[in-house]
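Q: Could we go through this structure feature by feature, with the general idea given before each case?

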Amino acid sequence: MVAFACIVLLFSSLQVVSSFTSHYSRSRRIDIQQQKRINVECFQTSDATSDDSDNYFHHLLSQFQGDFDNYHQVIRDRNHALAPADGGGHEHIHCTLVPCPHTAVTQEQRQNDQWILAAFYFNGNPRQIFRFRMYKLISPQNDDSNSNNIDGEKVRMKLHTLSSELEQQLRQYSDQPCTWWREAYAVWLNSINEGENESDDNRSNEWNTFRSEGIQHLVSPLVGCDVLWDPQWDPKKHAYLNVDEY
């Protein structure tokens, strides 16, 4: 619920701080399984077209990435003498969402689901991360929980915590989100003790295996915390999003 509340807060403010594609363009050499590197991109474009029956799913994927922040909300609070916690004001919370790259992934796989790494931190400082999460957005057509099409076009998002090994590795590079998926890939390779002398084709196959099977071994699902994104959401039921009074 806390993670969902943070998502609602960040998306309701819709304050996109910056593109970390340029802001965090620095990269480093991987210490673990150094030869097995996959080139990754931080942002991805939507594959949706006007004839795409799964258009909302792809639209959501195109928006659910980048940096979100409630900075202006915090400034308004402080201008009204509202401090965090007992003072009645909001904490300054920043969220970075990094989708799993599409490198070496087939078009069919892109249609099914998308893994997204998320980090929440205080005061715009990536060294003050208080929560990592892994989200999995599932296309309605591939949602096993929607076998009878009860949820229609709603997109299911499953929440996961990270393994201690993965979280520890990512915290070392918390200010370099464009490296996070390389780090996750390296942690997975290290866990399965793969050899280092592999061809480019094998590396591509390994990335597909990592994406389809490996990621789920680095995370634990938060049972009962699924979020349904509804393209036909009712504003009346979420009137609080429009409240801007002191």
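Q: Which residues form a nonpolar patch on the surface, and how much accessible area do they have together?
A: In general, nonpolar side chains in soluble globular proteins tend to be buried together. In this predicted model, a nonpolar patch on the surface is formed by Trp 233, Tyr 240, Leu 241 and Val 243, which together have about 410 Å² of accessible area. Val 243 is found in the segment that comes after strand 7 (227–229), and because its relative accessible area is 57%, above the 50% cut-off, Val 243 counts as exposed.

Q: Which members of the largest nonpolar core touch the most other members?
A: The largest nonpolar core has 24 residues, of which Met 134, Leu 166, Trp 181 and Phe 210 touch the most other members. Two or more residues each are given to this core by strand 3 (113–122), strand 4 (129–138), helix 6 (164–171), helix 7 (180–192) and helix 8 (200–214), and helix 7 supplies the largest share, 7 residues. Apart from this core lies another, of 19 residues, including Tyr 56, Leu 60, Phe 68 and Ile 93.

Q: What is Trp 181 in contact with, leaving aside its neighbours within four places in sequence?
A: The contacts of Trp 181 include Val 98, Pro 99, Cys 100, Trp 115, Met 134, Trp 207, Phe 210 and Ile 215. Of these partners, Cys 100 is buried, with a relative accessible area of 0%.

Q: How many disulfides does a search of the whole structure find?
A: The search finds 0 disulfides. As for burial, Cys 95 counts as buried because its relative accessibility is 3%, under the 20% cut-off.

Q: How many salt bridges are found, and which residues are joined into one network by bridges that share partners?
A: A search of the whole structure finds 6 salt bridges. In one of them the side chains of Arg 156 and Asp 226 meet at 3.2 Å, N to O, linking strand 5 (residues 155–162) with the loop between strand 6 (219–221) and strand 7 across 70 residues of the chain. Arg 156 counts as buried at 10% relative accessibility, whereas Asp 226 is partly exposed at 31%. Asp 226 also meets Lys 158 in a salt bridge of 3.0 Å, N to O, and this pair, 68 residues apart, again links the loop with strand 5. Elsewhere, the side chains of Arg 171 and Glu 167 meet at 3.0 Å, N to O; because these residues are 4 apart in helix 6, about one helical turn separates them. Salt bridges that share partners join Asp 143, Arg 156, Lys 158 and Asp 226 into one network.

Methods: Residues are numbered from 1 along each chain as its sequence is written. This is a predicted model: local features need pLDDT of at least 70, side-chain atom pairs count only at pLDDT 80 or more; totals for chains, interfaces and linings use all residues. Side-chain values use heavy atoms; hydrogens and water are left out. A nonpolar core is a set of buried Ala, Val, Leu, Ile, Met, Phe, Trp, Tyr and Cys residues joined through side-chain atoms within 4.5 Å. Buried means under 20% relative accessible area, exposed over 50%, partly exposed in between (1.4 Å probe, protein chains only). Contact means heavy atoms within 4.5 Å. A disulfide is a pair of cysteine sulfur atoms within 2.5 Å. Patches are made of residues with over 30% relative accessible area and no salt bridge: like charges are joined within 9 Å, nonpolar side chains (Val, Leu, Ile, Met, Phe, Trp, Tyr) within 5 Å. Accessible areas come from the Shrake-Rupley method with a 1.4 Å probe; for residues, only the protein chains shown count as cover. A salt bridge is a side-chain nitrogen of Lys or Arg within 4 Å of a carboxyl oxygen of Asp or Glu.
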